[in-house]
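Colleague: I should like to understand how the terms applied to this model are justified. May I put some questions to you once the structure is before us?

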Amino acid sequence: MKKNIVILGGGFCGLGVARRLGKKFAGSSAKEKEYQIILIDKETVHVYTSDLYEISTAYNREITSACLTALEDSVCINIGEALGKIKVNFMHDKITEIDTRKKRIHLTRNGQLPYEYLVIALGSNTNYYSIPGLEENAMPLKKLKDAMALHCEIDQFFRIRKEMKSNDPVHFVTGGGGATGVEFTCKLKGYIEKLSEKYEFDPKIVDISIIQAGPEFIGIGEKPSRIAIKRFNDLGIKYRINTFIKKYDGKSITLKDEKTGETILRPADILIWTGGIKVNPLLKDGELEVNSNLECKNNPGVYAGGDNAIIYDGKGSPVPKIGQLAVQEAGIIAHNIRADITGGKRKTFHPLIKGYIIPLGETNYMYSKNGFAITGIIPFLLRRLLDIYYFSRYMPLGTAIFRIFHKTKIFKTQ
Ligand SMILES: Cc1cc2nc3c(=O)[nH]c(=O)nc-3n(C[C@H](O)[C@H](O)[C@H](O)COP(=O)(O)OP(=O)(O)OC[C@H]3O[C@@H](n4cnc5c(N)ncnc54)[C@H](O)[C@@H]3O)c2cc1C
């Protein structure tokens, strides 16, 4: 019987660990031959979250099952195909419990699975912070199903209005001015314009606003925030900073300006919530704290990375929960598990943020790093190159290039 290295979650971190570890085990030594690698995910696909805002706002003349499938496919990488010939067994199953005391994983279909080494990379969920009415009435933008639901909901909203011959003003509010909120809201503007042709309404009756709790948009510095605000002004998007959402009943939203203490009531027909994440509910004690080798504190042989881990940089600050770091963490975890097995030297994790690319509607993108920022088509092209680079890890380069060109066409609003 082989001993198991079990990887939980086929997202940015988990799939990255599986691929790298599987490759490292290719020329297996006697020690490595004692192990098999098992990757578990409840989905059969890995979701490229960076494009979820595109899915939610991609224009379709007619919403058919074929166009919905094309949209889903554009951001999904089949996990089995991504692993290809790499020595990893993929198990499509839902994890229901992680028992680190007995070193066992409980699964919906496959019962219990023992492990020798474990990687926990289960990602995160939307956090509604117990704000009254938010979870019941707002639409999140976190998972693939959220983006698909938004896509259909927005279209259907205007279709019903046309059927009812309604010309009442419409209010869209984005709650949360981080990267996801900003990119979604900027793209929404163009999407509404396309829908106004399809459903014959005046786009001027649609009021779009974005609410940010903190003092800056995006949260990566003053300059990127200023650029986002300029873009909002150009697009006619209203915005507020230092403002908290206190309540949402499906029709109106209650806000509180933290600076003035003023309470504001605003209409909100659709509230898109991008304001926070929380750890996967399987981790009952919260996020997993790891050491500099990304091994869980007090739990030898258990590693964690991605959104479900608290990882500190060399200066003692927690690193942001972003895909580009989850991928880097995957490399360290794969290396260190192999080092544990073969007696090699472990590596320490040094986060390297290569910058942020923030879409601001159509091909207008921003690249920002350490307070520096540029906008225009160059960051857009850079983003497409990075997309190709990421996809080519899991498929031949030609297929990756084709997929990125194809999805760019699918996402276009004009
Ligand atoms: C809309 C949006 C846009 C983003 N854009 C960017 C961006 O442009 N750049 C960037 O760097 N980061 C971006 N991020 C952040 C990035 O997506 C996350 O930081 C990253 O996905 C974290 O990787 P992960 O491996 O921890 O989790 P995930 O990639 O979320 O993977 C977790 C996996 O665990 C599986 N899973 C969960 N629970 C179970 C269970 N019970 N049983 C079995 N499987 C389970 C899930 O199906 C999933 O495949 C974005 C996030 C969102 C929501």
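Modeller: Let us begin with the interface of domain 1 and domain 2, across which seven residue pairs are in polar contact, both residues being at pLDDT 80 or more. The model is a predicted one, in which local features need pLDDT of at least 70 and side-chain atom pairs count only at pLDDT 80 or more, while totals for chains, interfaces and linings use all residues. Residues are numbered from 1 along each chain as its sequence is written, and side-chain values use heavy atoms, without hydrogens and water.

Colleague: What makes E54 and K187 a salt bridge?

Modeller: The term requires a side-chain nitrogen of Lys or Arg within 4 Å of a carboxyl oxygen of Asp or Glu. The side chains of E54 and K187 meet at 2.8 Å, N to O, so the pair satisfies the rule. Across the interface of the two domains, the rule finds one salt bridge.

Colleague: Why is R384 with E54 also called a salt bridge?

Modeller: The closest N and O atoms of R384 and E54 are 3.5 Å apart, and therefore the cut-off is met here too. This pair links distant parts of the chain, 330 residues apart: R384 belongs to helix α10 (residues 377–391) and E54 to helix α2. Helices are DSSP runs (H or I, at least four residues), numbered from the N terminus. In the whole structure, the search finds 23 salt bridges.

Colleague: Why can such side chains pair?

Modeller: Side chains of opposite charge can pair when their charged atoms come close.

Colleague: How do you know that T49 makes a polar contact with the ligand?

Modeller: A polar contact is a pair of N or O atoms within 3.5 Å; within protein, one must be able to donate a hydrogen and the other to accept it, and residues adjacent in sequence count only if both atoms are side-chain atoms. An N or O atom in the side chain of T49 is 2.5 Å from an oxygen atom of the ligand, so the condition is fulfilled. A polar backbone atom of F12 lies 3.2 Å from a ligand oxygen, and one of K321 lies 3.3 Å from a ligand oxygen.

Colleague: Which residues are closest to the ligand?

Modeller: They are C13, D41, T49, D307 and G323, among 28 residues that surround the ligand, each with a heavy atom within 4 Å of it.

Methods: Helix = DSSP H or I, 4+ residues; strand = E, 2+ residues; numbered from the N terminus.
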